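Here's a quick tour for anyone meeting this protein fresh. Have a look at the fold, then read on.

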Amino acid sequence: GSIVKIRLSDFSYVATLNTMANNLRAAVLDEVNGFAYFASYANQKISKIRLSDFSEVAVLDTAGITEFRSAVIDSASGFAYFGNEIEPANIVKVRLSDFTIAETITFPTGENNADGAVIDAANGFMYFGVQGNVVKVYDSELLPPLPGNLTINITPSDAVYNVIDSLGNTV
């Protein structure tokens with residue numbers, strides 16, 4: 001996949017980086033440590049990009065898990081979480097310090113296509129939008145989703161992208 005770097009001060013093209021991960025659809029930024037992470041939809045890979053020299057410094061094979069569509073990061077705790085678009089959805093927890101898979105969970109049957117995600121790191125939760133539902137997951141230990149997921153009647157049911165308002169305590 002290709003990542004294009006643009007200088008925001010004058011909105012000009014800087015460079016293009018071709019990565020080992022193809023069809024990039026989920027990304028997170030770790031400004032504190034100077035890295036970005038891009039996950040593939042097509043080929044079970046997550047690329048680690050060093051921002052200072054815009055280079056791919058590592059590629060993580062996600063052990064057969066593909067179709068990544070969402071991602072969140074908790075830089076303070078040192079983890080990124082990548083959700084995918086399969087039935088049922090998976091969440092892959094990546095340890096940033098050594099760029100390895102720390103844990104993976106599979107959502108219950110019917111919780112499909114984790115297309116959107118937000119994190120409330122201060123309170124220790126992540127929320128994933130999955131085909132008309134919002135699924136709440138613990139951040140500190142990647143446990144199965146909490147019971148009583150919120151069903152939202154929207155059309156189409158796969159149009160679930162999320163934002164979080166921590167001050168208003170809403171997702």
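Two residues count as being in contact when they have heavy atoms within 4.5 Å. This is a predicted model, so to speak plainly about the ground rules: local features need pLDDT of at least 70, side-chain atom pairs count only at pLDDT 80 or more, and totals for chains, interfaces and linings use all residues. Residues are numbered from 1 along each chain as its sequence is written, and side-chain values use heavy atoms, with hydrogens and water left out.

Let's start with Phe 82. Leaving aside neighbours within four places in sequence, Phe 82 touches a whole list of residues, among them Val 28, Tyr 37, Ile 46, Phe 68 and Val 94. Those five also turn up, with Phe 82, as the residues with the most contacts inside the largest nonpolar core. A nonpolar core is a set of buried (under 20% relative accessible area, 1.4 Å probe, protein chains only) Ala, Val, Leu, Ile, Met, Phe, Trp, Tyr and Cys residues joined through side-chain atoms within 4.5 Å.

| Core | Residues in it | Including |
|---|---|---|
| Largest | 17 residues | Val 28, Tyr 37, Phe 82 |
| Second, separate | 14 residues | Phe 79, Tyr 81, Ile 105, Val 130 |

What about Thr 62: buried or exposed? Thr 62 counts as buried because its relative accessibility is 0%. Setting aside neighbours within four places in sequence, its contacts are Gln 44, Lys 45, Ile 46, Phe 68 and Ile 101. Ile 46 and Phe 68 are thus on the contact lists of Thr 62 and Phe 82.

Note on methods: Buried means under 20% relative accessible area, exposed over 50%, partly exposed in between (1.4 Å probe, protein chains only).
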